[in-house]
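Let's take a walk through this structure together, starting from a single spot and working outward. Have a look at it first, and then we'll dig in.

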Amino acid sequence: QVLQGKAMGYNGTGHLLEAISNDRDDTVLGNGEIDAQGNFTLELNAPLSSEFLNETTFCSGINQSIRSASTSTIWIKDGSTIVGLIGQASSRNLVNKTETVGKIGTRMYVEEDKDIVGTGNCEGSAVKYNLNLKKGWNIVIGENSLETGISLYTSPSSADLKWFFFTKGN
């Protein structure tokens with residue numbers, strides 16, 4: 001899967017991008033480039049070998065698991081130095097966790113087709129799952145709404161979300 005977009009707030013020089021595993025900071029799941037205006041292209045690796053996959057379990061009440069890898073963090077690097085990151089969300093404040101209502105986009109790789117549907121309990125909060133995962137990379141949206149609570153679902157597109165740039169440590 002190829003990710004393309006424009007990172008809002010980026011005005012640096014051209015740099016390399018690395019999509020980092022949510023489970024292991026030392027695992028790169030894709031590479032790309034970003035230009036001085038924030039336009040980027042990143043290709044996620046596929047297929048992923050088993051060494052990159054973890055057994056993913058879900059909230060209590062969802063008695064299923066799947067071997068997967070996921071990424072929601074894309075590091076911007078100058079050589080080996082991390083200068084910032086980009087993340088995808090409905091609001092910049094969701095990515096830096098100063099806001100809790102809205103949507104965040106992530107990418108999840110699975111080694112087999114699997115549906116995860118139901119409501120689980122995560123640390124006292126109900127989480128609704130509607131994941132129709134297909135072998136390969138999937139777009140997974142995490143949404144927190146005052147009306148409907150927390151939900152995770154697959155989506156054919158993340159076009160309603162924006163890419164945001166953050167400097168390292170911000």
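In which strand does G84 lie? Find β8, the strand that covers residues 81-89, and you'll have G84 in view. Keep in mind as you look around that this is a predicted model.

Is G84 buried or exposed? Its relative accessibility is 2%, and anything under 20% counts as buried, so G84 is buried. What does G84 sit against, then? Skip the neighbours within four places in sequence, and you find G84 in contact with I74, W75 and I76, and also with F165, F166, T167 and K168. Take T167 from that group: 83 residues separate T167 from G84 along the chain, yet their C-alpha atoms are just 4.1 Å apart.

Now move over to I86. Leaving out residues up to four places away in sequence, I86 touches A7, F40, S72, T73, I74, I76, W163, F164 and F165. I86 also belongs to the largest nonpolar core, a set of 20 residues in which I74 and I86 touch the most other members. Which strands feed this core? At least two residues each come from β1 (2-8), β2 (15-20), β3 (28-34), β4 (39-44), β7 (73-78) and β14 (162-167). The biggest giver is β4, with three residues.

That isn't the end of the story for the inside of the protein. There is a second core, separate from the one above, with twelve residues. I62, I66, V110 and L133 are among them.

Time to step back and take in the whole chain. What is it built from? The protein chain has 14 strands and one helix. Along the principal axes, its C-alpha atoms fill a box of roughly 45 × 40 × 25 Å. You'd expect a radius of gyration near 15 Å from a compact globule with 170 residues, and the protein chain has 16 Å, so the two agree.

The link between G84 and T167 has plenty of company. If you take the contacts between residues at least 6 apart in sequence, 58% of them join residues at least 24 apart.

What about the inside and the outside? Of the 170 residues, 39% count as buried. The chain exposes about 8,900 Å², with carbon and sulfur atoms supplying 48% of that area. Last come the charges: there are 14 positive and 19 negative ones, and the mean positions of the two groups are 3 Å apart.

Note on methods: Residues are numbered from 1 along each chain as its sequence is written. This is a predicted model: local features need pLDDT of at least 70, side-chain atom pairs count only at pLDDT 80 or more; totals for chains, interfaces and linings use all residues. Side-chain values use heavy atoms; hydrogens and water are left out. Helices (H or I, at least four residues) and strands (E, at least two) are DSSP runs, numbered from the N terminus. The radius of gyration is taken over C-alpha atoms; the globule rule is 2.2 Å times the number of residues to the power 0.38. Buried means under 20% relative accessible area, exposed over 50%, partly exposed in between (1.4 Å probe, protein chains only). Contact means heavy atoms within 4.5 Å. Accessible areas come from the Shrake-Rupley method with a 1.4 Å probe; for residues, only the protein chains shown count as cover. Lys and Arg count as positive and Asp and Glu as negative; His and the chain ends are not counted. The place of a charge is taken as NZ of Lys, CZ of Arg, CG of Asp or CD of Glu. A nonpolar core is a set of buried Ala, Val, Leu, Ile, Met, Phe, Trp, Tyr and Cys residues joined through side-chain atoms within 4.5 Å.
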